[in-house]
Amino acid sequence: KKDVKVLALDFGASSGRAIIGSFDGEKISLKEIHRFTNDPVILLDTMYWDVLRLFHDIKIGLIKAKQEGEIKSLGIDTWGVDFGLLNKDGKLLENPVHYRDARTKGMMEKVFAKLDKDTVYSITGNQFMELNTLFQLMALKENQPELLQKAETLLLMPDLLNYFLSNEKCTEYTIASTTQLLDAKNKTWSSEIIENLDLPKNIFTKIVQPGTKIGKLSKQISEELGINEIDVIAVAGHDTQSAMVAVPTQEDDFIFLSCGTWSLLGTELKTPIINETSASLNITNEGGADNKTSFLKNIIGLWLIQESRRQWIREGKEYGFGELEQMASKVGMINSFIDTDSEEFIPAGNIPKRIQEYCKRTGQYVPQNEAEIVRCIDQSLAVKYRFALEQIEMATGKKYDTLNIIGGGIQSKLLCQLTADVCGRKVVAGPVEATVMGNIALQLMALGEIKDIKEARKIIANSENVTVYEPQKDENWDEIYKNVKESLLC
Ligand code: LFR
């Protein structure tokens, strides 16, 4: 049997991993060789990504990969929207700033004063979120114009790391589509947006499709680490889109929920839907592999639990994620719901306290301890998923009976079951390492080992087990959902 090995480097907002994927012609097996935390650093008043540390971890991953035999290529995916700016010598001008940094506060209004909201949506088809690259650039224009003047090149996170490794500067299409600077239909940088906002046009690099071999590991790095000059492949640089490749289905119409720090719930389309309904529901169109569009709602996701856990650690209570979920399972249904995407939950800090204040303010039972807080988060997420699902159905005019959940979040059986119950649909959960699987499959496609996405999905479904959750009716979820929706979500 054959054995083709590639290296996936997957960066999430709280951790990263280097994983070797081995393909024997039928199945892909994974071996994690390096896992590391991604700790943002607050310096003076700015929250940065520690990009040098992340690059250091890439190097460790590469060194460890040497022990695994011949590796054909590597591919990088990360979260969306964030970027680094390079000067004329190709050097980083400033550490990339974290999308949760407060610099984008008020920037939407500034942008809309120059180009109205409807026009921006009609071009980009992107959901409005303050963290989008567009609003980050507006913040730079307002507060650090000198930086933009010095900038010769803007590279989004996966492209920046690819450049550090290969010296090649380009922008991969799926990550570009998270910026709100891309024309969703033409798949090119929108000159209308760039010109109206008076942004430097020259900093945007050429767009390449996922699955492009962009270059080789640079001579310098291969000498430094004693590793071959393997291919550097632009996978779907946007983690969500690499994950999409790993949805274990052969259907054309399906609902996915990519469940990690963020929850992305939506469906896959051949072409974007940009109309009044999608605009009023603030649904995003994001570019995917194989020229597909992901039509989805961006939901705050497990960030609420991750950041609550951090708060409890700060208070001297160290719980594992599994432990928290178990504690929450024992609580049973409580009458505490939050709109998970309420603004106050976005910044880092004391999330448990903010949840308690929210429940108090809205006249609900106030969760008293860690278990109840996690329970409240899981219930509220499940409700938000149903809300998003109905919005997607409204905009596509289709009905979906199954929800495919992929990503790390499926480790919470409670969340999967609650989602099935509240949505009243069957949930198929898996694979847990969807992003990495998709990243690997896209490399194998670029190497000519896998034909297309359909085949990739079949191979991945073949390689991983899924868990099915049937909706249970022990609570009257239709009634509960209706009440929460009317009081908190509209
Ligand atoms: C998920 C993700 C989302 C994006 C968010 C912020 O990891 O990539 O798709 O909206 O991070 O960049």
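**Exercise 1. Where does UniProt place the feature "domain: Carbohydrate kinase FGGY N-terminal", and how much helix and strand does the span hold?**

Solution. Step 1: the UniProt record, an unreviewed entry, puts this feature at residues 6-245. Step 2: in this predicted model, the span is 35% helix and 25% strand. Step 3: its end C-alpha atoms lie 16 Å apart.

**Exercise 2. Treat the feature "domain: Carbohydrate kinase FGGY C-terminal" in the same way.**

Solution. Step 1: UniProt, again in an unreviewed entry, gives residues 257-447 for this feature. Step 2: here helix accounts for 47% of the span and strand for 16%. Step 3: the C-alpha atoms at the two ends of residues 257-447 are 29 Å apart.

**Exercise 3. List the residues that surround the ligand and sort them by class.**

Solution. Step 1: the shell consists of Trp79, Gly80, Val81, Tyr99, His238, Asp239, Thr240, Gly260, Thr261, Trp262, Leu264 and Asn298. Step 2: five residues of the shell are nonpolar, six are polar and one is charged. Step 3: Asp counts as charged, so the charged residue of the shell is Asp239.

**Exercise 4. Is helix α12 roughly parallel or antiparallel to α15, and which residues make the contact?**

Solution. Step 1: the axes of α12 (residues 303-314) and α15 come within 10 Å and cross at roughly 165 degrees. Step 2: angles over 145 degrees count as roughly antiparallel, which means that α12 is roughly antiparallel to α15. Step 3: the crossing of the two helices is right-handed. Step 4: α12 contributes Leu304, Ile305, Ser308 and Trp312 to the contact, and α15 contributes Glu370, Ile373, Val374 and Ile377. Step 5: by class, this contact has six nonpolar residues, one polar and one charged.

**Exercise 5. Describe how helix α13 packs on α15.**

Solution. Step 1: α13 (residues 321-331) and α15 have axes 8 Å apart, at an angle of about 85 degrees. Step 2: the range from 65 to 115 degrees counts as roughly perpendicular, so α13 is roughly perpendicular to α15. Step 3: on the α13 side the residues are Leu324, Glu325, Met327, Ala328, Lys330 and Val331. On the α15 side they are Glu370, Ala371, Glu372, Val374, Arg375 and Asp378. Step 4: the contact of α13 with α15 has six nonpolar, no polar and six charged residues.

**Exercise 6. How are α15 and α19 arranged, and what classes of residue meet there?**

Solution. Step 1: α15 (residues 370-396) and α19 (residues 477-489) pack at about 85 degrees, their axes 11 Å apart. Step 2: that angle makes α15 roughly perpendicular to α19. Step 3: Val383, Arg386 and Phe387 of α15 meet Tyr481, Val484, Lys485 and Leu489 of α19. Step 4: five of the residues in this contact are nonpolar, none is polar and two are charged.

**Exercise 7. Locate Pro431 and Asn282, and state the backbone feature of each.**

Solution. Step 1: Pro431 sits in the loop between β20 (426-429) and α17 (434-446). Step 2: the peptide bond from Gly430 to Pro431 is cis, with omega near 0 degrees. Step 3: Asn282 belongs to the loop between α11 (276-280) and β17 (284-287). Step 4: although Asn282 is not a glycine, its phi is positive, at about 50 degrees.

Technical notes:
Residues are numbered from 1 along each chain as its sequence is written. This is a predicted model: local features need pLDDT of at least 70, side-chain atom pairs count only at pLDDT 80 or more; totals for chains, interfaces and linings use all residues. Axes are lines fitted to C-alpha atoms, for helices over the stretch in contact, and angles run from 0 to 180 degrees between N-to-C directions. Helices (H or I, at least four residues) and strands (E, at least two) are DSSP runs, numbered from the N terminus. Angles under 35 degrees count as roughly parallel, over 145 as roughly antiparallel, 65 to 115 as roughly perpendicular and the rest as oblique. Two residues are in contact if their C-beta atoms, placed from the backbone, lie within 7 Å. UniProt positions are given in the numbering used here, feature names are shortened, and annotations may be inferred rather than shown by experiment. A residue is near a molecule or strand if its C-beta atom, placed from the backbone, lies within 6 Å of it. A crossing is left-handed if the near helix is turned anticlockwise from the far one by less than a right angle, and right-handed if clockwise.
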